[in-house]
Amino acid sequence: MTKIMNAQWRLRSRPVGMVKESDFELVEEALAEPGEGELVVRNHFIAFEPAMRGWLNDVRSYVPPVGIGETMRASTVGEVIASNNPDYAVGAMVSGMLGWQKYAITSGQAGPMGRLTKVPDGVAPQLMLSALGATGLTAYFGMVQVGEIREGDTVLVSGAAGATGSVAAQVARLKGAAKVVGIAGGPEKCKWLVEKAGLDAAIDYKSEDISKRIRQEFPDGVSLFYDNVGGEILDKALLAMTDFGRVVLCGGISAYNEEELPPGPSNYMQIVIRRLTVKGFILIDHLAQAGEAIGSLLGWINSGELIHAEDIQEGFENTPKTFLRLFEGQNLGKQLLKISDP
Ligand code: NAP
């Protein structure tokens, strides 16, 4: 293989409070030769998820933290450009946890967050990072297996215009929910949720009285609340649940960059009074059934019943900046960065 210069964004320092571009440093160095059983992937797209903020904290979690000096962990999709591995031919498009770098050397073996996946024929590569990637699968499993969505449910979804929330809300609709309402920041996102994603209503938490609007939309209560945000929104939703309602705790982005964790929900006793089932979950525990989820999601995408939005920024130099967009609410749908042409 002719010498290739690689570029990587590495963790320079652990962020305190809001993550900053300066918490990462750009390093360029020659790419090593792939060893036996290894392959080289040229990344085309990088995917961004709020959970990556948690991977920067040196705390006990479901995966080890990214180490200082290590390339930032992230899902990517790209093309195999050299291979000593018979399972992955040169020219194949693959997706995996290959990080914030232009080129990755990998064995393709499964790590704690899954193995390298081949992009199925006829599927747009970036779809493997969005509706068919971690966020789409999370939405599917969170709604179907964890939330046990059923016909007639009255469903509220927070973070609804994001990658996970937008798919979760539509899965609820497709599974026969009687009503699906999303909570999102700003009129543009709310308009998109109703006019494009087919939700019954959307609540702009930045300009509206959330409690009042939830009561208006659900006079008989919310039977299933899918929460991506936590904090005040979770607290207010707890007050609107039906007896024996279900709460799916998918994430709590409102506190990911807080130095001091806010107090827990003050409406906590609603869990007792309303006899709620509150379940947290992490996608990695459901990956064995990824094929089922991908089949359903792809079927709905191909039939036009499920739409997905991608926010595609460009340029490897913009990698940390693109990550920050998630916490500024700038993305509608999946936040991606294109770093080379497929
Ligand atoms: P996303 O929703 O596409 O992007 C993040 C969105 O969060 C932003 O666009 C913004 O939308 C909203 N947001 C940002 N800061 C906020 C704040 N302080 N308060 C309220 N909303 C805020 O990201 P995603 O990748 O789909 O992730 C959504 C949630 O799912 C996250 O909590 C993530 O950790 C969780 N997740 C969990 C799993 C799992 O296995 N459990 C897997 C993937 C993702 P607005 O403009 O509407 O504020």
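These are my notebook entries on the ligand site, the two domains and a few residues of this predicted model.

**Ground rules.** I number residues from 1 along each chain as its sequence is written, and side-chain values use heavy atoms, with hydrogens and water left out. As the model is predicted, local features need pLDDT of at least 70 and side-chain atom pairs count only at pLDDT 80 or more, while totals for chains, interfaces and linings use all residues.

**Entry 1, domains.** I looked up the domain assignment and got domain 1 (5-130 + 309-338) and domain 2 (134-284); the bounds come from an automatic or database domain assignment. The C-alpha centres of the two lie 28 Å apart. I then checked contacts (heavy atoms within 4.5 Å): 21 residues of domain 1 touch 15 residues of domain 2.

**Entry 2, ligand.** Where does the ligand lie relative to domain 1 and domain 2? Both domains give residues to the shell around the ligand, so it lies between them. I call a residue near the ligand if one of its heavy atoms lies within 4 Å of it. There are 28 residues around the ligand, and T164, K189, Y205, Y256 and N331 come nearest.

By class I have 14 nonpolar, 12 polar and 2 charged residues in the shell. Here Ala, Val, Leu, Ile, Met, Phe, Trp, Tyr, Cys and Pro count as nonpolar, Asp, Glu, Lys and Arg as charged, and the others, Gly among them, as polar.

Next I went through polar atom pairs at the ligand. A polar side-chain atom of T164 is 2.7 Å from a ligand oxygen. On the backbone side, a polar atom of G185 sits 2.8 Å from an oxygen atom of the ligand, and a polar backbone atom of N228 is also 2.8 Å from a ligand oxygen. Taken alone the ligand exposes 910 Å², and the protein buries 91% of that; the areas come from the Shrake-Rupley method with a 1.4 Å probe. Elements giving two or more residues to the shell are α2 (134-146) and α3 (163-174). Helices (H or I, at least four residues) and strands (E, at least two) are DSSP runs, numbered from the N terminus.

**Entry 3, A131.** I found A131 in the loop between β7 (117-118) and α2. Is A131 buried or exposed? A131 is buried, at a relative accessible area of 2%; buried means under 20%, exposed over 50% and partly exposed in between (1.4 Å probe, protein chains only). Leaving aside neighbours within four places in sequence, I get contacts from A131 to G136, L137, L297, I301 and H308. I301 is 170 residues from A131 along the chain, yet their C-alpha atoms are separated by 8.7 Å.

**Entry 4, α6 and α7.** In helix α6 (residues 231-238) I list I233, L234, D235, A237 and L238 as buried. Their cover includes β8 (154-158), β9 (179-184), α5 (210-217), β11 (222-227), β12 (241-249) and α7.

So which residues does I271, in helix α7 (residues 269-273), touch? Not counting residues up to four places away in sequence, I271 touches L238, L276 and V278. L238 is 33 residues from I271 in sequence and 7.4 Å away in space, C-alpha to C-alpha. I271 counts as partly exposed because its relative accessibility is 25%.

Q270 is in α7 too. Q270 is buried, with a relative accessible area of 14%. With residues up to four places away again left out, I see Q270 touching L238, L239, R275 and L276.

Note on methods:
Polar contact = N/O pair within 3.5 Å; in protein donor to acceptor, adjacent residues only side chain to side chain.
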